[in-house]
Amino acid sequence: MSAERKTPDVSEGRAEERAEDITVRDPVSAPDATGRPRRTTRRFPLFTRDTARPEGGGRAAPGDAPAPARQWPILSVLLTVGAGLLLTALDQFRLGTLLVGVALVAGAVLRWLVRDVGMLAVRSRFTDIVTYGGLGLVIAMLALMVQPNPLLEIPFLKDTLHFTVDS
């Protein structure tokens with residue numbers, strides 16, 4: 001059995017007339033499949049039924065390229081994070097976590113500089129840059145402060161630790 005949807009019989013001429021008569025006032029009132037505006041109010045619905053693709057969420061390479069080439073930005077970030085996790089598992093904790101932080105910062109830089117980043121685009125460009133960059137920076141700084149022999153010492157953190165832990 002076929003699972004096709006039946007559409008009402010409408011001649012092509014009438015469909016073209018209806019498409020020309022529709023005025024889209026804003027993205028909220030865009031017409032549905034039958035040509036009627038979905039909503040005419042600016043009030044958001046109680047339940048979200050569809051989502052918009054984030055800005056820059058298109059392919060990072062032409063459509064005829066193989067799938068990995070189309071998603072090279074996220075693959076480069078994921079492979080770098082994977083290498084960092086592998087180093088961490090091989091008892092190189094500081095170097096591995098530093099590589100994870102650097103990969104996230106590189107993801108933020110890619111999101112900022114490259115127009116279409118494919119699946120690396122999750123939210124708006126600003127939110128992605130702040131999230132990737134902030135998390136990457138925090139992970140990299142924590143990797144540099146790992147004991148013993150930290151490469152980065154922040155003086156006020158010792159005082160903060162002194163006041164929070166009883167000796």
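Reader: Where is the place of aspartate 91?

Author: Aspartate 91 is in the loop between H3 and H4. Helices here are DSSP runs of H or I with at least four residues, strands are runs of E with at least two, and both are numbered from the N terminus. Before going on, two notes on the source. This is a predicted model, where local features need pLDDT of at least 70 and side-chain atom pairs count only at pLDDT 80 or more, while totals for chains, interfaces and linings use all residues. Residues are numbered from 1 along each chain as its sequence is written, and side-chain values use heavy atoms, with hydrogens and water left out.

Reader: What is the mean pLDDT of the protein chain?

Author: pLDDT is the predictor's confidence in each residue, from 0 to 100. The mean for the protein chain is 77, and 62% of its residues reach 70 or more. Over residues 1-7 pLDDT stays under 50, and the model has 0 contacts for them beyond four places in sequence. A contact means heavy atoms within 4.5 Å. Where pLDDT is low, the predicted coordinates should not be read in detail.

Reader: How many helices and strands does the protein chain have?

Author: The protein chain has 6 helices and 0 strands, so don't go hunting for a sheet. Along the sequence the pattern reads α-α-α-α-α-α.

Reader: What should the 18 residues of helix H3 span?

Author: The expected span of a helix is 1.5 Å times one less than its number of residues. For H3 (residues 72-89) that gives 26 Å, and the end C-alpha atoms are 25 Å apart, which agrees.

Reader: Which residues of H3 are buried?

Author: Buried means under 20% relative accessible area, exposed means over 50%, and partly exposed is in between (1.4 Å probe, protein chains only). In H3 the buried ones are Pro73, Ile74, Val77, Val81 and Gly84. They cover an arc of only 95° around the axis, which puts them on the same side of H3. The arc is taken from the directions from the helix axis to the C-beta atoms. These buried residues pack against H4, whereas the face turned away from them carries the exposed residues Leu79, Leu86 and Ala89.

Reader: Which residues are buried in H5?

Author: Arg125, Asp128, Tyr132, Gly133, Gly136, Ala140 and Ala143 are buried in H5. Their arc is only 105° around the axis, which puts them on the same side of H5. Helix H4 (93-113) is included in what covers them. As for length, H5 (residues 125-144) has 20 residues and reaches 28 Å from its first C-alpha to its last, close to the 28 Å expected.

Reader: What sits over the ring of tyrosine 132?

Author: A charge sits over a ring if NZ of Lys or CZ of Arg is within 6 Å of the ring centre and within 35 degrees of the ring normal. Here the charged end of arginine 123 sits over the ring of tyrosine 132, 6.0 Å from its centre.

Reader: Back to aspartate 91: is its phi positive or negative?

Author: Most residues other than glycine have a negative phi, and most peptide bonds are trans. Aspartate 91 has a positive phi of about 70° although it is not a glycine. At 69% relative accessibility, aspartate 91 counts as exposed. Asparagine 149, in the loop between H5 and H6, also isn't a glycine and has a positive phi of about 55°. Asparagine 149 is exposed too, with a relative accessible area of 62%.

Reader: Which residues does a cis peptide bond join?

Author: The cis bond joins glutamine 147 and proline 148, with omega about -5°. Proline 148 is found in the loop between H5 and helix H6 (155-164).
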